[in-house]
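Here is a quick tour of the fold, with an eye on the nonpolar cores and the helix packing. Have the viewer open while you read.

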Amino acid sequence: MSAIVTQAVKGKLRPEAAAKVARFGGQTRRLWNLFTELNNARMKECGKFIFYAELSAMLPTLLKTDPKLVGLPHRCAQMTAQNFDRTLKNYIRNKAEFLRIDAKRKARSAARVAAGLPALKPHKSGIPRFKRHDDHRDGFSFVGREVRVANGRVRLPKLGWLRVRGLDLPDGAELKQLAVTQEPDGWFVSVQFEAPTKEYAEPSLPVVGIDHGLTALAAWSDTQKIAPPKFARKAEKHVRRLNRGRDRRRKGSVNRCRTVARLAKSHRLVRQQRQDFLHKLTRRMVDTFEGFAVEDLNLKGLMKTRLAKSFADASLGELLRMLRYKSEWACREWRVIGRFQRSTGVCPEPGCGWVGPRLRPGIDTWVCGECGVVHDRDHAASRVILLHRTEP
Ligand SMILES: [Zn+2]
């Protein structure tokens, strides 16, 4: 038996289809900019914002009277209003954080100017801003019942059937939402749908503890270790060259556009390689084990350290996220160990539990001061995590 869960897939529109969707993209951007203008005016006037109720009420007249919005489906307009509302509310909720980052960046910029370096670009706070044609970030969306997806094609209101690559839905999928988005090198369709989960094998091994680190993306208590893949590190040279190329080229020039597109493609490739790797890894893990005990990592704290790049490249957070939802789908045990419980440098031998000194990075093995057993840093930690699992 498998549960019904929400899933998503993304595919790329063929060039001839991309030309058709660009019109809705432009119209949606115009609408967004109209909303931004109104909102800015309102803020100046009385310090208040314009929210969804007001925006959606003005849509029918707007769509009829603005000659540049003719033909834009009402649903696209409505969902743009929803997006605007969400962005605005997100900004209001996180205003303090945005202001803090703003102030920090301004100070850093001033320090740079004082040192004779060019000023930093101002931080983009989360308030809805005007979108530009040459941002290549247009997009619009529909709800599921208005669209259809069938082998290699997608049907959108007023646009008809469009050819798309890489959009495979399982049989019996119920469409929930469809978004068409622009990236510097083309147009993409992402579909959210509900479908039964995949079948998972009967687990052959008991629950494992998992330790994460830089030398091993994951190490589990039955002595397996997964080396962290370094996709971004491998693409780094190529990306750096493209970055330099972009900065050398004149803004608005065709060559700069091309370089930006190649850069986007390169970044996407890294993303896809990483996703593919993580999907295969987590699938294998869920197929094998009865459950997982993991540490509640302070990811935000880790991202601030000097090792941030390596951690981001190893995408620990994404591994945990995937492992967690797949565990849920397959009805596996999922246990999280508190952030403040030590696991590294603690002896996992039965009846010992000696807590040693903190281990510096780079120390791979250590000897227990109580029972004298030689431990592998990562495996010992994962065994400790597993032990914690049985405690209340
Ligand atoms: Zn010991």
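The notes below go from the whole chain to its cores and then to two helix pairs.

## The chain as a whole

Keep in mind that this is a predicted model. The chain has 392 residues, and 23% of them are buried. Its secondary structure adds up to 10 helices and 14 strands. Measure out the C-alpha trace along its principal axes and you get a span of about 80 × 65 × 45 Å.

On the contact map, look at pairs with a separation of 6 or more: 66% of those contacts join residues 24 or more positions apart.

## Two nonpolar cores

The largest nonpolar core holds 29 residues, and the members touching the most others are Leu 13, Val 189 and Val 191. At least two residues each come from α1 (15-46), α3 (74-93), β4 (153-156), β6 (174-183) and β7 (186-196). Helix α1 gives the largest share, with 6 residues.

Val 191 is a handy place to center the view. Leaving out residues up to four places away in sequence, Val 191 touches Ala 8, Val 9, Val 149, Leu 167, Leu 169, Leu 175 and Leu 178. There is also a second, separate core of 27 residues, with Ile 210, Ala 218, Leu 320 and Cys 347 among them.

## α1 against α3

Two of the elements feeding the largest core, α1 and α3, also pack on each other. Their axes come within 10 Å and cross at roughly 45 degrees, so the two helices are oblique to each other. The crossing is right-handed.

On the α1 side, the contact uses Phe 24, Thr 28, Leu 31, Trp 32 and Phe 35, while α3 brings Cys 76, Ala 77, Thr 80, Ala 81 and Phe 84. Sorted by class, that makes 8 nonpolar residues, 2 polar ones and no charged ones.

## α5 against α6

How are helices α5 and α6 oriented to each other? Helix α5 covers residues 231-248 and helix α6 covers residues 254-288; they pack at about 170 degrees with axes 9 Å apart. An angle over 145 degrees counts as roughly antiparallel, so that is what α5 and α6 are.

Residues in this contact include Phe 231, Ala 235, Val 239 and Leu 242 from α5, and Val 260, Leu 263 and Val 270 from α6. Arginines take part too, including Arg 246 of α5 and Arg 256, Arg 262 and Arg 274 of α6. By class, the α5 contact with α6 has 8 nonpolar, 6 polar and 4 charged residues.

Methods:
Residues are numbered from 1 along each chain as its sequence is written. This is a predicted model: local features need pLDDT of at least 70, side-chain atom pairs count only at pLDDT 80 or more; totals for chains, interfaces and linings use all residues. A nonpolar core is a set of buried Ala, Val, Leu, Ile, Met, Phe, Trp, Tyr and Cys residues joined through C-beta atoms within 7 Å. A residue is buried if 20 or more other C-beta atoms lie within 10 Å of its own, exposed if 12 or fewer, and partly exposed in between; C-beta atoms are placed from the backbone. Helices (H or I, at least four residues) and strands (E, at least two) are DSSP runs, numbered from the N terminus. Two residues are in contact if their C-beta atoms, placed from the backbone, lie within 7 Å. Axes are lines fitted to C-alpha atoms, for helices over the stretch in contact, and angles run from 0 to 180 degrees between N-to-C directions. Angles under 35 degrees count as roughly parallel, over 145 as roughly antiparallel, 65 to 115 as roughly perpendicular and the rest as oblique. Ala, Val, Leu, Ile, Met, Phe, Trp, Tyr, Cys and Pro count as nonpolar, Asp, Glu, Lys and Arg as charged, and the others, Gly among them, as polar. A crossing is left-handed if the near helix is turned anticlockwise from the far one by less than a right angle, and right-handed if clockwise.
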